[in-house]
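Colleague: I would like a close look at a single part of this model, the middle of the sheet and what covers it. Please keep to what can be computed from the coordinates.

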Amino acid sequence: MANYEKPDHWTVKAKSEGYPARSVYKLKEADEKFSLVKAGQAVRILDLGAAPGSWSLYVLRKLALRFQNGGAFLAAADLAPLSTEYGKGLFESEHFFFVQGDITNPGVRSALLDQGPYDLVMSDAAPATTGNRSVDVMRSRELAETAADYALSSLRPGGNFIVKIFQGSDAHLLLKKIRECFSAGKSFKPAACRSESFETYYIGLGKKREDRFTNANTTRAQGL
Ligand SMILES: C[S@@+](CC[C@H](N)C(=O)[O-])C[C@H]1O[C@@H](n2cnc3c(N)ncnc32)[C@H](O)[C@@H]1O
């Protein structure tokens, strides 16, 4: 049985570096490998399943210079609130927009899509686990497909996507879809994932211009 109570190396490191959760090192490793948080004049990023806020803080800190120059923006959403203790005022920035709510809710979706289009959509959203692996895998896949729908609806051509998914029988179908809609699709398990965890990340690099996703918002996001 995994001991989730005992702080491990990554948790201790996260707290010492001012992040509320160890998950920041999963994004950092993916960013270093795939250049997800790109340099650019007007980068816009969407963070789904953002609480307690480590991924958002990573982005806010990495892009701080560009925020000062007025050229960057981060939108985020979660069922839970963000950690104000670690935010140290960054979550109050005019370059940051947060919705507390369910990303599958149409009102939340509309509020987030209104802030797009985006250059990067990232989702670390995960269901509360039940202990029943097939239930947890199914709920994770639904969240990952919701995130993919956001990505295909709101990414600019050339934009990138990262999404967490619990590995299970049908997970590969999402990777297949990502490979169709992006120039490259990767499966990536960062070193900071717990060894016993069955989570992994799918990454889409360079959203293709001609892609269509099976919902009405696609044409709207593409300005057609
Ligand atoms: C692993 S945590 C995310 C950690 C975050 N990336 C960070 O670095 O602090 C997963 C999050 O997904 C959120 N979540 C799960 N289902 C959701 C949903 N339907 N809508 C919004 N957030 C959801 C949970 O509330 C939880 O905060």
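In which sense do β4 and β5 pair, and over how many bridges?

Modeller: β4 and β5 pair in the parallel sense, over 5 bridges. Strands count as paired if DSSP finds at least two bridges between them, and the elements are DSSP runs numbered from the N terminus (helices H or I, at least four residues; strands E, at least two). This is a predicted model, in which local features need pLDDT of at least 70 and side-chain atom pairs pLDDT 80 or more, while totals for chains, interfaces and linings use all residues. Residues are numbered from 1 along each chain as its sequence is written.

Within this pair, Ser123 has Val163 of β5 as its bridge partner. The two strands belong to an open sheet of 7 strands with mixed pairing, in the order β3-β2-β1-β4-β5-β7-β6. That sheet ends at β3 (96-100) on one edge and at β6 (182-188) on the other, and each of these pairs on one side only. On average, neighbouring strands of the sheet are turned by 10° against each other, direction ignored (axes are lines fitted to C-alpha atoms, for helices over the stretch in contact; angles run from 0 to 180 degrees between N-to-C directions).

On its other side β4 (residues 118-123) meets β1 (residues 43-48), again in the parallel sense, over 4 bridges. There the bridge partner of Leu46 is Val121 of β4.

Two helices matter for this part. Helix α2 (residues 24-34) packs on the sheet and touches β4, β5 (155-166), β6 and β7 (199-207), where contact means C-beta atoms, placed from the backbone, within 7 Å. The direction of α2 makes about 35° with that of β7. Helix α7 (residues 133-154) lies across β1, β4, β5 and β7 and runs at about 175° to β5.

In α2, Val24, Tyr25, Lys26, Leu27, Ala30 and Asp31 are buried (20 or more other C-beta atoms within 10 Å; 12 or fewer is exposed, in between partly exposed). Their cover includes β4, β5, β6 and β7 of the sheet, and the helices α1 (9-16) and α3. After α2 comes Ser35, with a positive phi near 50°.

β5 is mostly covered as well, with 9 of its 12 residues buried. For the protein chain, buried residues make up 40% of the 224 residues. Phe161, which lies in β5 (155-166), touches Val121, Ala151, Leu155, Ile178, Phe182, Ile203 and Gly204, residues up to four places away in sequence not counted.

Phe161 also figures in the largest nonpolar core (buried Ala, Val, Leu, Ile, Met, Phe, Trp, Tyr and Cys joined through C-beta atoms within 7 Å). This core has 61 residues, and those with the most contacts inside it are Val121, Ala147, Phe161 and Val163. Its largest share, 7 residues, comes from α7. Val121 and Val163 thus appear twice in this account: Val121 is the bridge partner of Leu46, and Val163 that of Ser123.

As for the wider setting, the protein chain has 9 helices and 7 strands. Among contacts with a separation of 6 or more, 70% join residues 24 or more positions apart.
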